Amino acid sequence: MTPLLKWLTVTAAILVLLGAGGLIFISQRLAPFIEHQLNTHVEGYQFTVGEAHLFPNVTLEIRRLTMIQTEHPDPPVAEIPRWKLGIQWRQIFSGVLVSDYLIDHPTLHITLPQAKKEVQDLDAVPLHKKGWRDAVYSFYPIKINEFKVVEADVTYIDQDPSKPLHLTHLNFRVGNIHNIRSPNDAYPSDLSLEGNIFDSGRVRLKGHANFLAEPHAGIDADLGLEHVPLEPLLPVTERYNFQLHGGVLSAEGHLEYSAQSDTEVHLKTMTVDNLHLDYVHTEEATAKEAQISQATKETAKKLKNAPKTLVRIDHVVVTKSEFGFVNKTAKSPYRLFLTHGDLHLDNISNHLSEGTGTVKLTGAFMGSGKTVISGTFRPEDKAPDFDMHVKIEGTQLRSLNDLLRTYGNFDVTAGQFSLFSELTVKNGEVSGYIKPLFKDIKVYDARQDEEKSFFHKMYEGLVGGVAQLLQNRQREEVATKTEVSGSLSDPTFNTWETVVNLIRNAFFKAFLPGFEREVTDKKKLRSGRSPGPGSDPGGSGSQ
């Protein structure tokens, strides 16, 4: 070996040793420096860093990073075993210096108080102003171009720690963030997400985004859900008085949100099977119901033919399901329900240009009454606009005894109830008819005063208690078929609120007064007096 070659070899070895020693020296001080920068710049959180290493290829690796929300420190929001930041050397040939981030096997634990705090903070300070970018660029000052999360595990605890919502094997990627490959594309960044929801379900998202757009980022992506069990959502639905059991959901849709705030939410298909859903009305829920109703009105008002927002539902099917309403405020709590429920929604939208939507619900009212509720819906302009048909046939009255005990203090031992109704709502006006039918009623009545018009007083109070959807109109006591016409008492109700209230109002308007007529006429027959006009002495009721 020549003296020159020996000198070069020794010099190279010294430089390597110096470089290695420098990297070791820097690495020893990197962890506390990174921890300090994160705690200085990011609002609302505290960080600890276990280790940090800088490699010769300018790759920075952070290990055992823990993130704690300052206001709710237990549990830690995130634990990251490994976070790698490196240069995308292939992009050097494009004349830019950018980096990629890889977060490997992170674990996230989020509780309801932590989530509420984050939402409050985001209302006051948007995410891009919370200091994350400044914090990261302060210790790795190379602009990010690709972000990947591998095998994430996410747990959310709403109210009951024993019933967490668990998402596993989540993989997320965003590429070409700095629009290097296609700078003129409206959505140049590729975007993907996939993972497991509640063990057996799958979620996938694939599309594109523009994170550099002004005044805000845009996204254009397809979303799919496969075989997602719904029962784990019970801790969330309970807060809104919905008791949910069973149910499996699959769906396909598309979302676009542009930098100019043009929004399209397109649900192409959705199926739900074997769902059991009850709404539970309690005294404590009254105030919350009013708040939800008001929020629903405000949202519906914003969406009515909004030129920059299109919401479209092509096809939704709910099969083999049960829907119920539980009233725990009544003297004798009762439950009204529909079994074997099949619900079909087609072409529902918030824009008139998308055409007319249809809804059809079939099942068995109280487990016995063959039920068909159908409707044609036109997107709202200033008020709800739809036609609705209701047919309930052959409901066994004994299944309604809890309701009758509450409002009449007696039991039914036999009989059937049917209901027919056609209603049209347009330009703030409602028109149509409600027609109840009672058959073969046998009643045990514990009341002493047979002539006391308890039902009439109760009916007036009940209909008023459900907010009197229709303007006050004195009912015809002798008519079996009641014509309905007049103005909506609250035209600010959205379409679906109006539908629910009309069905509920139609049931009580038909069932209770009609039942009183039927029972009273039977008693008159037994006492030798003539029944009232419009009655059927045979007990089948007039059609």
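User: Is Asp104 buried or exposed?

Analyst: Burial is read from relative accessible area, with under 20% counting as buried. In this predicted model, Asp104 has a relative accessible area of 19% and is therefore buried.

User: Which residue forms a salt bridge with Asp104?

Analyst: The test is a side-chain nitrogen of Lys or Arg within 4 Å of a carboxyl oxygen of Asp or Glu. Arg82 meets it, with the closest N and O atoms 3.3 Å apart. Arg82 lies in strand S3 (residues 78-87) and Asp104 in strand S4 (residues 99-104), so the salt bridge ties together parts 22 residues apart in sequence. Arg82 is partly exposed, at 25% relative accessible area.

User: Which residues are joined with Arg82 and Asp104 into one network?

Analyst: Salt bridges that share partners can be followed from residue to residue; here they join Glu51, Glu61, Arg63 and Arg64 with Arg82 and Asp104. A search of the whole structure finds 19 salt bridges.

User: How do S8 and strand S9 pair?

Analyst: Pairing is read from the bridges between two strands. S8 (residues 189-197) and S9 (residues 201-210) pair in the antiparallel sense over nine bridges. Ile197 has Gly201 in S9 as its bridge partner. The hairpin has three residues between the strands, and Phe198 takes a positive phi near 50 degrees.

User: Where does Arg204 lie, and what does its salt bridge with Glu226 tie together?

Analyst: Arg204 is in strand S9 and Glu226 in strand S10 (residues 218-229), so the pair ties together parts that are 22 residues apart in sequence. Their closest N and O atoms are 3.0 Å apart. Glu226 is partly exposed at 31%, and Arg204 is partly exposed at 35%.

Technical notes. Residues numbered from 1 in each chain as written. Predicted model: local features only at pLDDT ≥ 70, side-chain atom pairs only at ≥ 80, totals over all residues. Heavy atoms only, no water. Helix = DSSP H or I, 4+ residues; strand = E, 2+ residues; numbered from the N terminus. Buried < 20%, exposed > 50% of the residue type's maximum accessible area, 1.4 Å probe, protein only.
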